[in-house]
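I set out to look up a few things in this model, starting with the overall fold and ending with single residues. My notes follow in the order I took them.

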Amino acid sequence: MWSTKCNVGQFPAQIKAPVSYGSGVQALVRLLHVKCQLSYQNIRELFDDLFGQPINGATLQQSVKNTYDKLEPVEQHIKDKLLLSPVLHTDETG
């Protein structure tokens, strides 16, 4: 008659914890915080309102910090090149 089957999947390799957010969610967090200048509190409220899912403030902060850390060598390279340039073409406006 009826047979019982058990399907078991595997978590992706990048999942290291019981709760983990993929690259799309992390990119959205960084976009909202850096480009749109939303506070972590406002991002948390937005996630709750749009997705019905809370997101921890420490998670938001860690996502932005990870990106900053990855971009640090690029920032240093740009600074080094600017220091070698005879003209920087900067202005003082905000």
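**Entry 1: the chain as a whole**

I note at the start that this is a predicted model. I looked up the secondary structure and found three helices and zero strands in the protein chain. Read from the N terminus, the order of elements is α-α-α.

I then checked the overall dimensions. The C-alpha trace spans about 85 × 30 × 20 Å along its principal axes. The radius of gyration of the protein chain is 21 Å, whereas a compact globule of 94 residues would have one near 12 Å. I also looked up burial and found that buried residues make up 9% of the 94 residues.

For contacts, I took those with a separation of 6 or more. Residues 24 or more positions apart account for 35% of these contacts.

**Entry 2: aromatic rings**

How many aromatic pairs does a search of the whole structure find? It finds one. The rings belong to phenylalanine 47 and phenylalanine 51, and their centres are 5.2 Å apart. Their planes stand at 65°, and edge-to-face begins over 60 degrees, so I entered the pair as edge-to-face.

I looked up where the two residues sit. Both are in helix H2, which covers residues 40–51. They are four residues apart in H2, so about one helical turn separates them.

Is each ring's residue buried or exposed? Phenylalanine 47 has 5% relative accessibility; buried means under 20%, so this residue counts as buried. Phenylalanine 51 has 48%, which falls between the 20% and 50% limits, so it counts as partly exposed.

**Entry 3: the largest pocket**

I looked up the largest pocket next and read off about 220 Å³ of space. Its lining has 14 residues, and the closest to the pocket centre are Gln14, Ser20, Tyr21, Gly22 and Gln26.

Which helices supply at least two residues each to this lining? They are helix H1 (23–35) and helix H3 (57–84). H3 gives the largest share, four residues.

I sorted the lining of the largest pocket by class. The result was nine polar, four nonpolar and one charged residues.

**Entry 4: two positions in H3**

I looked at threonine 67, which is found in helix H3. Its relative accessible area is 23%, and buried would need under 20%, so threonine 67 is partly exposed. I also checked its distance to tyrosine 21, 46 residues away along the chain, and the C-alpha atoms are separated by 14 Å. Tyr21 is one of the residues closest to the centre of the largest pocket.

Histidine 77 also has its place in helix H3. With 48% relative accessibility, histidine 77 counts as partly exposed. I checked this residue against valine 34, 43 residues apart from it along the chain. The C-alpha atoms of histidine 77 and valine 34 are separated by 21 Å.

**Entry 5: a loop residue**

My last lookup was glutamine 37, found in the loop between H1 and H2. Its phi is near 60°, a positive value in a residue other than glycine. Is glutamine 37 buried or exposed? Its relative accessibility is 67%, and the limit for exposed is over 50%, so I entered glutamine 37 as exposed.

Note on methods. Residues numbered from 1 in each chain as written. Predicted model: local features only at pLDDT ≥ 70, side-chain atom pairs only at ≥ 80, totals over all residues. Heavy atoms only, no water. Phe/Tyr/Trp six-rings, centres within 6.5 Å; stacked < 30°, edge-to-face > 60°. Buried < 20%, exposed > 50% of the residue type's maximum accessible area, 1.4 Å probe, protein only. 1 Å grid on protein atoms, 1.4 Å probe; cavity = no way out; pocket = protein on both sides within 12 Å on 5 of 7 lines; lining within 4 Å. Points joined across faces, edges and corners; volume = space filled by probe spheres on them. Nonpolar A, V, L, I, M, F, W, Y, C, P; charged D, E, K, R; others polar. Rg over C-alpha atoms; globule rule 2.2 N^0.38 Å. Contact = heavy atoms within 4.5 Å.
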